[in-house]
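Q: Hi! Could you walk me through the charged pairs in this one?

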Amino acid sequence: MASLESEPTPHVYVVTSNPGPQARTAPNVGDESRAKGKDFIKGDLVAVDAIMPSLYNGTETKPGKNGNGPFLRLDSNEGHWLFEFKGNERMMERVKVQAGLWCYKVNNSGVGLALRCMPTTRSDMRLDPEVLYPHETTIWADRLVTDTSGVTFVRVQGTKGWLFTTRDGEETLKRVPRLQDGCVASTSSSSATLPIAEVRDLAARYGWSEVQYNAESRVIAFTSMSETNGRMRVNVYYTTGTVGTSLNHPIDGPGQMFRRCTSLRDLEQIFSNPRVHTERGYKRRRNDPLDGARLPVDTSCVDQSAESEETVARRMLVEMDLEAAALAARRAQLAKHIRVTFDEPVLKSAKEEAARQAAEKKAAEERELEAKRTARGREETFLLFNSDDTKDSFRSEVTCVATNGRATIMLYEDGDWAFSRGLPKGLYNKLHGRSLDHSRPSYVAVGTQERYYIRFRNGSSQWAVPDGLSDELEKTSKKVASVAFGEDYHTWFVVYTDGSWECSRSIPSGLDELMDSRKNRDDLSLVTLGPDGEYFLKAQNGKMWWGGISTAMSKTINKIGKDRLKFMDFGEDNTYFIRYS
């Protein structure tokens, strides 16, 4: 079977399966894409203008790994598709198409012949709107294909429609005999545009020899020899004024040129210089780069010495169509070469680079996340009420821990949270049954006497705190880093993310003295307070101070190692929570 590049379009397939396939509105085999009224039966011929391989590693001749394809777009401007294989079962097979130029006359008295959108005699395949050729109409065909029963179908030149030479044993198209091929389009007896006598005089004046005269084709031909162009020929179609020259161009090689002469003066210029341009013509090169890919045109029934102007023009149109198809195939090959050689390596390199950058970014984010977990404290130790709940809830993904001894709450990186029994009632109401479409909490602090502060990821915050702290929070535009509740209801300490801070007058004396010794520097990271005078302070440089703690807690810190401490919070009855790494 010929390759796709060497076969003329449209390609034609014959249905081989029984039952035959039903057309789809998209290139797939799904039932949801079935096109109504487009059923084909075994033996039907189908014209195809595009072939799409299966996306599952298929080719233009083989199905994909799923057993489907290649997919065939019908040459009917409806956007319908068929498939050569379905589930590895062959449904259709390619047949040979001839390209050329043939002349026929319609032989169907009374009704004529209607064009079909496919090479078939089926009435339901008529073109819509209908195109009807009356009896005795001359038609030119540029494609020819024969079905398994021996019926020949021809595509009418200049259309996508098909006719048939026989139906039910009756001849419906008659082939025009050889001697009429060159003159069927020239039946009028109009007077000559270029008088024959003057044409001959001009030719003789410039040294041209007459070699042909055909009254039926209304053409007179002359030849001459040239050192530059070799043997030259001029065909003068004297009734229309068209002049065809055939010569060897010094750059383009052998070729033909057709020009319109509206006067003997134009013709004289051509006899004087056959390469002159009248700007009223068209050119056909013979030995161009596409010659190796060009398909042969059937000229077996044509007397080329007696070709009419129409026959020449139609043959040139066929050859141009074939050249365009060959050029399109070469373009597809070149586009594939560019894609495979240049585009795909660049795209692959870009994808690899993007993947590398994404991996580096992910690794950097993971390193940053692990560093934050280490800075927060990966491990814990505590002395709390409801300790079992606390033990089960803690892991390195905890971003915030707050306790008052009886209740402990933890926030996680993914926005989730967990808390034990005894949470301040107001805070419990904020979190219990909170809808998933509400903002997640990002920081929380709890104290005794139902005090709490909570901030959400959308920047909003709520609290139940002493009036002094409430006034401070309402007036500031700074972002809170930590809030601490102390020994009595009105003791509090707030730290902002810029390192600045504010506090009540009743903070523990040890903390007050520490602040004085540090000259009240605005470099704090966080402060926590306890109900029995405990405090913990951490500066932005990582240094930490603490005081007022119990002997048991002090022993625990010594056992852990002071250099491993990251955070501590306090509750009533000497309870505590410590994070370390």
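A: Happy to! One term to begin with: buried means under 20% relative accessible area, exposed means over 50%, and partly exposed is in between (1.4 Å probe, protein chains only). This is a predicted model, where local features need pLDDT of at least 70, side-chain atom pairs count only at pLDDT 80 or more, and totals for chains, interfaces and linings use all residues. Residues are numbered from 1 along each chain as its sequence is written, and side-chain values use heavy atoms, with hydrogens and water left out.

Q: How many salt bridges does the structure hold?
A: There are 32. A salt bridge here is a side-chain nitrogen of Lys or Arg within 4 Å of a carboxyl oxygen of Asp or Glu.

Q: Cool, where do K478 and D498 lie?
A: These two form a salt bridge, with their closest N and O atoms 3.7 Å apart. K478 is in the loop between α6 (467-475) and β32 (480-485), while D498 is in the loop between β33 (492-496) and β34 (501-503), so the pair ties together parts 20 residues apart in sequence. Helices (H or I, at least four residues) and strands (E, at least two) are DSSP runs, numbered from the N terminus.

Q: And is D498 buried or partly exposed?
A: D498 is partly exposed, at 44% relative accessible area. K478 is partly exposed too, at 40%.

Q: New topic: what does R376 form a salt bridge with?
A: Its partner is E413, at 2.9 Å between the closest N and O atoms. R376 is buried, at 18%. Both residues also belong to a salt-bridge network with E370, R373 and R378.
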